[in-house]
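Biologist: I'd like to go through the empty spaces inside this protein. Can you show it to me?

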Amino acid sequence: MFKLSSHVYQLVTTIGYRRHLLRQGGWIVALIMFLSLFEIAISQNQSSDPESTQVLQLHYQDGHVVVDNGIFQLTLSNPEGFVTGVRYNGIENVLAYTGNEHDRGYWDLVWNFPGKKIKKSKGTLDRIEATKMEVITQSDEEIELSFSRTWNASSTTALPVNIDKRFVMLRNSSGFYSYAIFERLKGWPAVELDNIRLVFKLNQDKFHYMAISDERQRYMPIPEDRIPPRGKPLAYPEAVQLLDPMEPEFKGEVDDKYEYSMESKDIKVHGWISTNNSVGFWQITPSNEFRSAGPVKQFLGSHVGPTNLAVFHSTHYVGAELIMSFEEGEAWKKVFGPVFIYLNSFSKGVDPLLLWTQAKNQTKIEEEKWPYNFTASSDFPASDQRGSVTGRLLVRDRYIRSEDIPANGSYVGLAAPGDVGSWQREYKGYQFWSKADEKGYFSINNVRTGHYNLYAFVPGFIGDYHNQTVFNISPGTNISLGDLVYEPPRDGVTLWEIGVPDRTAAEFYIPDPNPTFTNKLYLNRSDKYRQYGLWERYAELYPHEDMVYNVDVDSYSKKWFYMQVTRKQADGGYNGTTWQIKFQLDEKMKNFTGNFKLRIALATSNVAELQVRVNDVSKDPPLFTTGEIGKDNTIARHGIHGLYWLYSVNVPASSLRNGNNTIYLTQPLARSPFQGLMYDYIRLECPDSISHLT
């Protein structure tokens, strides 16, 4: 058997080096990865040989069904369809073994009948318990099991949705697949769904190291560390300060599951490593076509537990607008998944943290296999039953360039027909997105049969592209759209601008956290906005007066606080805040009678209102107001964006004056510390007739 040289072995296994190696490029890392993976291919307890003697077996036990392919063994409760056991690489069960066995691996959802939601209740939690088990496929190559339940029309308390949970195991595969088919028939009662997910709770005695990206991975505390007196709850239940954790290295840290949220487009693989056993447990998601609200919607993934989640639908970072609401009599069907639960292991002598690298490699393999051709349900179409759309997106902004600009890095997608930007609130259908290349070319492949509009957003430009044509995708459809042109909102040249139009507040000033409340993973990093309690830092920087920003002097990365939040008062209440933007106009303005245009793009809003005034902070009514908007809760959940909002405000020239001018941005609503706004980008445009101004 091939063995690592002593020099390479020392580099790989020395604790001081291994995290460095995971994050650095260069030939040394490439050599180590190659040698390590070569070792894995030879020594891992599985075979890629199609002639392998491993045999798929299906066994029935008391209240359980067991599927075994010689690499691992999967145990499910019968007929409920809960994952009660996963035996792998000498570990009897990688799942949690304390408490109820139905609390280890399960599909669940949160739902309500419309109008029946109790105040402060999150709805009814339904751990989906099937009533029927059926073997759909059983062969030497594959076993697919169905665990289903059917709604009884005589019931007045049950969820009016048929649900079929599927589990698939393949020969020579180091993992299993799961997907679910949700269906409502015509005539059924109205209902609301808040959350749909697949949950795995792992053995906390073994799995301590979590990895959700190359940069976001670490050893984690345990659930008991969060419980008083070891842990101290903070401003909301999810955030806990660890006062007396089992491992001293976590003392004083803040643990909050929302610190590990990810955008849908980035949720490809995440999971846990048992370093003592050199075993990894990963969830691989080859496509996000079945998730709600598009590629930048944020979802939970892995967090303290050790918990591994596949969240298919949630209202997080959007709010009530994303409650999945069905009217009386409305029919609907949707397939969530499949996702792949992948297990891997190393032989002794290889750094177990490199299991992450192998999991990423397996993710690429799964993406190449998508859409899977082994699923038995006709509701999940194979590639030959799908279509594609190709084209090129250009941006036309004559105030920047006389020629059309390739929409480099734009996200172009197909979603249900709707209005501009409606994709970020859409949840009943499927969405298919592609990232355009440097010349603006895009290819959206493996699109399910259906009716779609084409949508896009382009980094560096405000607004959303929307093609109102309804595209009918049928099996084998290949639509070539040629050149498409997006003309972002623009009335004149830019007088001044603040920020970068990228739909986030990431470029603005993000303060260091209070040293008392930190997560060490995010210290000295660009994503330090994930730290707890940053909303309190605003009042510390501006204890009496609000922020004043001078466009001729200040830098938005050093001065513009990344969220406009309320200010806590000594009596425990809160005040709204008013920010000022100061700028100058010269004497050439004195005879102009038209309108300037103020573009305000918001990255998020949480139960907030934006009022705009010009040169008179007391003017009532204001020049413009959004009214109360948004329930994103991005501020409390350590985000940098929620829903995107774009407003265009006419600023009469008569309200401006030669010399100094001030725009006042007021957020008056102040009932909690989490009300507020995040700005994406602000721009003041001159009317075209005075485009000589600079």
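Modeller: First, the term: a cavity is a set of points, on a 1 Å grid over the protein atoms alone, where a 1.4 Å probe fits but cannot get out; lining residues have an atom within 4 Å of a point. Points are joined across faces, edges and corners, and a volume is the space filled by probe spheres set on them. This is a predicted model: local features need pLDDT of at least 70, side-chain atom pairs count only at pLDDT 80 or more, and totals for chains, interfaces and linings use all residues. Residues are numbered from 1 along each chain as its sequence is written, and side-chain values use heavy atoms, without hydrogens and water.

Biologist: How many cavities of 30 Å³ or more are there?
Modeller: The count is 7.

Biologist: How much space is in the largest cavity?
Modeller: About 80 Å³. Its lining includes Ala293, Tyr317, Trp423 and His641.

Biologist: Why does the largest cavity lie between two domains?
Modeller: Domain 1 (57–217 + 259–369) and domain 3 (494–685) both give residues to its lining, so it lies between them. The bounds come from an automatic or database domain assignment.

Biologist: And the second largest cavity, how much space is there?
Modeller: About 60 Å³. Of its 14 lining residues, the closest to its centre are Ile267, Gln283, Arg291, Ala310 and Val311.

Biologist: Which strand gives the most to that lining?
Modeller: Strand E22 (residues 307–313), with 4 residues. Strands (E, at least two residues) are DSSP runs, numbered from the N terminus.

Methods:
1 Å grid on protein atoms, 1.4 Å probe; cavity = no way out; pocket = protein on both sides within 12 Å on 5 of 7 lines; lining within 4 Å.
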